[in-house]
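The following exercises ask the reader to work through a protein model step by step. Please attempt each task before reading its solution.

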Amino acid sequence: MKACIFDLDGTLTDTLDSLVYSVNLTLQEMGLAEISRDQCRRFVGNGARKLIEEALNATGDKGATRIEEGMQVYGRVFGENCTYHVAPYAGIPEALEELKDKGIRLAVLSNKPHQQTLDVVETFFGKELFDYVQGQMDGIPRKRIRLVSITFLRICRFLNQSACMWEILRWTLSQDVRQELRALA
């Protein structure tokens, strides 16, 4: 094995309390009721916009008519609190160090906004442990296969593994995605 690519939230770090806190501060600022920890757990996993959309729907803004306001408030609130009550899961730092000591390159791929991904990784794992860290960025397509494929190609190129990854991708992706990947390579 030459490299390991990890998700961040719910894989390397327990971030649920941070998300609950930030969502509820957002809702409070918007004059809406709070959501529960269990509701937040059900709403996470598909990015910040979906999280805020679900939270707005749950608190009475049916159809999430205030989504743009919610995203603006949440972006600021979460940016200020993205490490609040966050902690690596037990044994994760040691496991990552062991992989690194064996010469395995490490990367993080998260749908958390890019700057907050960097903040969490650097706060809890330092700047040297991971070889590559990528969070969600404006301008990167959100279609899951396209986002993951393009990001994996970038990671593999960074890790100097693009040739073998291209062989895998060329058999699994649609023609339009392959054209985008060729342009990136």
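The exercises below concern a predicted model and treat confidence, helices, aromatic pairs, the nonpolar core and single residues in turn.

**Exercise 1. Confidence**

Task: State the average pLDDT of the protein chain and identify where confidence is lowest and where it is highest.

Solution.
Step 1. The protein chain has an average pLDDT of 81, and 74% of the residues score at least 70.
Step 2. The lowest confidence falls in helix H8 (residues 162-172), with a mean of 43, while the highest falls in H1, with 96.
Step 3. Residues 142-147 have a pLDDT below 50; this stretch has 15 contacts in the model beyond near neighbours in sequence. Residues 161-174 also have a pLDDT below 50, and that stretch has 17 such contacts.
Step 4. Where pLDDT is low, the predicted coordinates should not be read in detail.

**Exercise 2. The length and packing of helix H4**

Task: Determine what span is expected for H4 at 1.5 Å a residue, and compare it with the distance between its end C-alpha atoms.

Solution.
Step 1. The expected span is 1.5 Å times one less than the number of residues. H4 has 15 residues, so its expected span is 21 Å.
Step 2. The end C-alpha atoms of H4 are 20 Å apart, which agrees with the expectation.
Step 3. The buried residues of H4 are Ile67, Gly70, Val73, Tyr74, Val77, Phe78 and Asn81.
Step 4. An α-helix has 3.6 residues a turn, so residues three or four places apart point the same way.
Step 5. The buried residues of H4 pack against helix H1 (16-29), H3, strand S4 (105-113) and helix H6 (114-125).

**Exercise 3. The length and packing of helix H1**

Task: Carry out the corresponding analysis for H1 at 1.5 Å a residue.

Solution.
Step 1. H1 has 14 residues, and the expected span is 20 Å.
Step 2. From its first C-alpha to its last, H1 reaches 20 Å, close to the expected value.
Step 3. Buried residues in H1 include Leu16, Leu19, Val20, Val23 and Leu27. Strand S2 (13-14), H2, H3 and H4 are among the elements that cover the buried residues of H1.
Step 4. Just after H1, Gly31 adopts a positive phi of about 75°.

**Exercise 4. Aromatic pairs**

Task: State how many aromatic pairs a search of the whole structure finds, and classify the pair Tyr74 and Phe78 and the pair Phe125 and Phe130.

Solution.
Step 1. The search finds three aromatic pairs.
Step 2. For Tyr74 and Phe78, the distance is 5.3 Å centre to centre, with 10° between the planes. Planes under 30 degrees apart count as stacked, and this pair is stacked.
Step 3. Tyr74 and Phe78 both belong to helix H4 (residues 67-81), where they are four residues apart, about one turn of the helix. Both Tyr74 and Phe78 are buried.
Step 4. For Phe125 and Phe130, the ring centres are 5.7 Å apart and the planes stand at 85°, so this pair is edge-to-face. Phe125 and Phe130 are both buried.

**Exercise 5. The largest nonpolar core**

Task: Identify which residues touch the most other members of the largest nonpolar core, and which elements each supply at least two residues.

Solution.
Step 1. The largest nonpolar core has 39 residues, of which Leu12, Leu96, Leu106 and Phe130 touch the most other members.
Step 2. The elements that each supply at least two residues of this core are strand S1 (3-6), H1, helix H2 (37-43), H3, H4, helix H5 (92-101), S4 and H6.
Step 3. Not counting residues up to four places away in sequence, Phe130 touches Phe6, Leu12, Leu96, Leu106, Ala107, Val108, Val121 and Phe125.
Step 4. In soluble globular proteins, nonpolar side chains tend to be buried together.

**Exercise 6. Two residues compared by accessibility**

Task: Decide whether Asn57 is buried or exposed, and describe the setting of Arg66.

Solution.
Step 1. Asn57 lies in helix H3 (residues 48-58). Its relative accessible area is 19%; the limit for a buried residue is under 20%, so Asn57 is buried.
Step 2. Arg66 is placed in the loop between H3 and H4. At 27% relative accessibility, Arg66 counts as partly exposed.
Step 3. The side chain of Arg66 makes a polar contact with the side chain of Glu69 (2.9 Å). Not counting residues up to four places away in sequence, Arg66 touches Met30, Leu32, Leu56 and Asp61.

Note on methods:
Residues numbered from 1 in each chain as written. Predicted model: local features only at pLDDT ≥ 70, side-chain atom pairs only at ≥ 80, totals over all residues. Heavy atoms only, no water. Phe/Tyr/Trp six-rings, centres within 6.5 Å; stacked < 30°, edge-to-face > 60°. Buried < 20%, exposed > 50% of the residue type's maximum accessible area, 1.4 Å probe, protein only. Contact = heavy atoms within 4.5 Å. Polar contact = N/O pair within 3.5 Å; in protein donor to acceptor, adjacent residues only side chain to side chain. pLDDT = per-residue confidence, 0-100. Core = buried A, V, L, I, M, F, W, Y, C linked by side-chain atoms within 4.5 Å.
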